[in-house]
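User: Hey, I've got a structure open and I'm new to reading these. Can you walk me through it?
Analyst: Sure, have a look at it and then ask away.

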Amino acid sequence: MNHPEQKSVAVINAHAPFSSPKGKDALDIALIFGSYEQDIALFFQGDGVYQLTDKQDPALIQQKDYLKTFSAFEFYDIEQVYVCGRSLKERQLPGQFHIDNVTVLEPAQFAKKLADFQVIFRF
Amino acid sequence: MGQKLAVVITTPPYSNLAATALDYVESALQTGIDVIGVFFYQDGVLHADTNISIASDEFQAAEKWQQLHQNFALALHLCVTAAEKRGLRDDISPTNINPVFTVSGLGELVELTHQADRVVQL
């Protein structure tokens, strides 16, 4: 799949969605790489897994729901979304996500998958 | 393996990590590595803010970027959205954006990433 002139880019999300702008900043990067047709994947670990948790209502705290944009990943050719299974378990999250096609990986596989990418950004 | 390096700065100038970032970029340039550009994102854009004044006995990041820009023609790109959000404006006179920085967009980050053999975020 990898076009020789294309870079594979992974964006790691390690922070919860609404206490800082990090998640939104990471999303903007993913979308721009997606729209330039680069090979882009999103990884969620630590508190970053809260960005995938369903049934959140940020309007209650006057925040824009940037997580809604996750459902447009297909449109941006963002097909790879990985979440750390251990991070979910540590937070007792049931693995109900607000988007489809999320792959849960245990730490060893998560790390292995991440190593496939040429460039890694972390937010 | 080529020698083209792109650097992404997401830490602000008042962070101790700014010194690490600058040491890294300077060492790369002195080693002869082709640093094709530095992209400033998130709080990193504050490196370009001429209104920021750091106590004279603390690390002067802005001065250092200026030197690297002048001595090595190092390209310094600001993410415009991140900059505007933090009060940096090039549409006022005088501007509060240090002239050694170029106002760019995230497309520039894609371009740098595309051209570089290695991308490092600090």
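**Strands, helices and cores**

User: Before we start, what kind of model is this?
Analyst: It's a predicted model.

User: OK, chain A then. Which strand does β2(A) join through four bridges?
Analyst: That's strand β3(A), residues 80–84, and the two run parallel. You can spot the pairing in single residues: A:L42 sits opposite A:V81 of β3(A), and A:F44 faces A:V83 of β3(A).

User: And how many bridges are there between β1(A) and β2(A)?
Analyst: Six, again in the parallel sense, with β1(A) covering residues 8–13. For one of the opposite pairs, look at A:V9 and A:I40 of β2(A).

User: Is β2(A) mostly covered or uncovered?
Analyst: Mostly covered. The strand spans residues 39–44, and five of its six residues are buried.

User: What holds strands together in general?
Analyst: Strands of a sheet pair through backbone hydrogen bonds, in a parallel or an antiparallel way.

User: Let me zoom out. What's the strand order in the chain A sheet?
Analyst: The order is β4-β3-β2-β1-β5, an open sheet of five strands with parallel pairing. At the edges you find β4(A), residues 102–105, and β5(A), residues 119–122; each has a single partner strand, so one of its sides has no neighbour in the sheet. From one strand to the next, the twist averages 25°.

User: Where does helix α1(A) go?
Analyst: It lies across β1, β2 and β5 of chain A, and runs at about 165° to β1(A). Helix α1(A), residues 22–35, also belongs to a β-α-β unit together with β1(A) and β2(A).

User: Is that unit right-handed or left-handed?
Analyst: Right-handed.

User: Switching to chain B. How is its sheet ordered?
Analyst: Chain B has an open sheet of five strands in the order β4-β3-β2-β1-β5, with parallel pairing. The edge strands are β4(B), residues 102–104, and β5(B), residues 118–121; each of them has a single partner, so one side is left without a neighbour in the sheet. The average twist is 25° from one strand to the next.

User: How many bridges link β1(B) and β5(B)?
Analyst: Four, and these strands run parallel, with β1(B) at residues 4–9. One of the bridge pairs is B:A6 with B:V119 of β5(B). Helix α1(B), residues 17–30, packs on the sheet and touches β1, β2 (34–40) and β5 of chain B, with its direction at about 165° to that of β1(B).

User: Which helix of chain B does α1(A) cross?
Analyst: Helix α4(B), residues 106–115. The two axes come within 10 Å and cross at roughly 65°. The residues in contact are A:D28, A:I29, A:I32 and A:F33 from α1(A), with B:L106, B:G107, B:L109, B:V110 and B:T113 from α4(B). As for handedness, α1(A) passes α4(B) in a right-handed crossing.

User: Why give both an angle and a distance?
Analyst: Because two packed helices are described by the angle between their axes and the distance between those axes.

User: New topic: which residues have the most contacts inside the largest nonpolar core?
Analyst: A:F121 and B:W65, in a core of 67 residues. Helix α1(A) gives the most to that core, with six residues. There's also a second, separate core of ten residues, and A:A10, A:L105, A:F110 and A:L114 are among them.

User: What does B:W65 touch?
Analyst: Leaving out residues up to four places away in sequence, its contacts include B:I9, B:L22, B:V25, B:F40 and B:F101.

User: Last bit, the loops. Where's B:G44, and is it buried or exposed?
Analyst: B:G44 is in the loop between β2 and α2 (61–72) of chain B. B:G44 counts as buried because its relative accessible area is 0%, and the cut-off for buried is under 20%. Beyond its neighbours within four places in sequence, B:G44 is in contact with B:I9, B:T10, B:T11 and B:P12.

User: And B:N98, why is that one called buried?
Analyst: Its relative accessible area is 8%, so B:N98 also falls under the 20% cut-off. You'll find B:N98 in the loop between α3 (80–85) and β4 of chain B. Not counting residues up to four places away in sequence, B:N98 touches B:A48, B:T50 and B:Q66.

Note on methods:
Residues are numbered from 1 along each chain as its sequence is written. Chains are lettered from A and ligands numbered from 1 in the order in which they are written. This is a predicted model: local features need pLDDT of at least 70, side-chain atom pairs count only at pLDDT 80 or more; totals for chains, interfaces and linings use all residues. Side-chain values use heavy atoms; hydrogens and water are left out. Buried means under 20% relative accessible area, exposed over 50%, partly exposed in between (1.4 Å probe, protein chains only). Two strands pair if DSSP finds at least two bridges between them. A crossover is right-handed if, with the strands pointing away from the viewer, the path from the first strand over the helix to the second runs clockwise. A nonpolar core is a set of buried Ala, Val, Leu, Ile, Met, Phe, Trp, Tyr and Cys residues joined through side-chain atoms within 4.5 Å. Contact means heavy atoms within 4.5 Å. Axes are lines fitted to C-alpha atoms, for helices over the stretch in contact, and angles run from 0 to 180 degrees between N-to-C directions. A crossing is left-handed if the near helix is turned anticlockwise from the far one by less than a right angle, and right-handed if clockwise.
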